[in-house]
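Q: Please take a close look at the internal cavities of this model. Then follow the contacts outward and describe the parts met on the way.

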Amino acid sequence: MLVIGYVYEDKYGMFHMTNQLIGADLNKLDSIELLDFYTNTPDDFYSFLEYYNVTDYIFVCDGKRMHRFVGFLNNNYPIRFQLVDTNQILKIGHSTLSSYNLRKKFPNNTALHVKFEQETSPIKDALQLLLTGHYPLNTKGNQIKHFYVENKDLLNKINSSVLKNCVINSIIFYDRCTTDILPELFPVLVNFHREKETIEYMNLIHMNEEEIIEGMKSFQSNGEVLNNQITNGIIDYSAVMNIDRNQRLFYFKDGIFRDYSKNYLITNNFDEDFYVLVNYLSYKNTRMTTPIMRIFPMVINISALLGKKKMYMVTPYNAFFTKEYLQKHKDFKLIGFVIDDQYYLYNISLNKNYKVNKATLLLLEYYLKNKIDSIELQKYIPNKLESFKEQFYKIIESIS
């Protein structure tokens, strides 16, 4: 079985699959699901192709990083991987596509490419995730997204079994090197030394477990957010709170660590298989992640984005108008702010604020806590509760 996949490689080296066709030959090709390079590893990719009994895979891509990825696949999996550019010029393999008009199946989708290129640089967000360890809970377990490598000599120490289990759009940050390098590793390669200014701008800080828990308790009791240093995050937050989810690895000359601060050594044997590393990590007892632990880094980050040392927030997991809060995880995209006696709704996914009145924020809190039909609200809005609720739902609909 043959598969042809069209991949756009953006200016950061990130892959975006725009089409994927399968068939017994070039004249019988049908669409199959696209591959998400941000959530799938090379092993996932191979398992997917193995399910379809694929023997040959042809990438159509103009990017430079794709050469390294195809080389890695050919060196580690029994499927024949080939590469041609969008002009159908063969780059890797022995493809016979020259007589086949690919442009009929893969039109040049300029608008889609522009969309990819307009997206914010992934490097800043990746740096913050790498240094704090605060990854979204929906990230798959034991799937490496980011590496820190102390110096360029250690790049060759990354075991192929580890690379097979990192996401395809993973990033390696290599340090102590003033020049850019390009080894035969398929992840995106970023010179950590050249990102010092970005890191300084984030103003990440160290906090110990007791300090973090104290900040959580203060926030949970009344919604107060104190961020005196206007920091965007806490270095090694997940490791300090013992909730590391194995999405990052740190290669120092004295071993592989699970944190940037080098407090948690995994092994000093660089040749360990990936699943041996996972077993080492599993021996350490980890906390069950509570909702407040999940959102506290977000709370700190939002206050920094707004440049506020002190503010109040309304979320499902802290007290404000009502002293009750949720104890279980809940998906939500709206929260409330109180800044200098002004009230706001904030859409997390859109990163937008909307100025509202106090009643709207009150209704938001009860809405987030699944209590909007509670008779308790009557004491706040005794006569016009239903009309206020009707107006509230219109506001929610307009900003969601």
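The cavity and its surroundings

A: The count is one cavity of 30 Å³ or more, a cavity being a set of points on a 1 Å grid over the protein atoms alone where a 1.4 Å probe fits but cannot get out. The model is predicted, so local features need pLDDT of at least 70 and side-chain atom pairs pLDDT 80 or more, while totals for chains, interfaces and linings use all residues. Residues are numbered from 1 along each chain as its sequence is written, and side-chain values use heavy atoms, without hydrogens and water.

The largest cavity holds about 30 Å³, a volume being the space filled by probe spheres set on the points, which are joined across faces, edges and corners. Its lining (residues with an atom within 4 Å of a point) consists of I144, N246, L249, F274, L277, V278 and L281. Helix 9, residues 274-282, supplies four of the lining residues, the most of any contributor; helices (H or I, at least four residues) and strands (E, at least two) are DSSP runs numbered from the N terminus. By class, the lining has six nonpolar residues, one polar and no charged, with Ala, Val, Leu, Ile, Met, Phe, Trp, Tyr, Cys and Pro taken as nonpolar, Asp, Glu, Lys and Arg as charged and the others as polar.

From the lining residue L249 the path leads to F147, which is in contact (heavy atoms within 4.5 Å) with L249 and also with L130, I158, V162, C166, S170, I171, I172, F173 and Y251, leaving aside neighbours within four places in sequence. F147 is one of the residues with the most contacts inside the largest nonpolar core, together with F45, F59 and F81; that core has 50 residues. A nonpolar core joins buried Ala, Val, Leu, Ile, Met, Phe, Trp, Tyr and Cys residues through side-chain atoms within 4.5 Å. Helix 2, residues 65-76, makes the largest contribution to this core, five residues. Another core, of 45 residues, lies apart from it and includes I302, M313, F321 and F392.

L130, one of the contacts of F147, belongs to helix 4, where it is buried along with P122, I123, A126, L127, Q128, L131 and T132. Helix 4 spans residues 122-132, and eight of its 11 residues are buried (under 20% relative accessible area; exposed is over 50%, partly exposed in between, 1.4 Å probe, protein chains only). At its start, a side-chain oxygen of S121 comes within 3.2 Å of the backbone nitrogen of I123. Just after helix 4, G133 has a positive phi of about 75°.

C166, another contact of F147, is also in contact with N40, whose other contacts beyond four places in sequence are L35, K140, V167 and I168. N40 sits in the loop between strand 3 (30-31) and helix 1 (42-51). N40 counts as buried because its relative accessible area is 16%. Its side chain reaches the backbone oxygen of D36 at 3.0 Å.

The loop between helix 1 and strand 4 (56-60) holds N53, which has a positive phi of about 55° although it is not a glycine. N53 is classed as exposed because its relative accessibility is 58%. N370 also has a positive phi in a residue other than glycine, near 60°. N370 lies in the loop between helix 11 (358-368) and helix 12 (385-399), and its relative accessibility of 59% makes it exposed.

Definitions and conventions. 1 Å grid on protein atoms, 1.4 Å probe; cavity = no way out; pocket = protein on both sides within 12 Å on 5 of 7 lines; lining within 4 Å. Polar contact = N/O pair within 3.5 Å; in protein donor to acceptor, adjacent residues only side chain to side chain.
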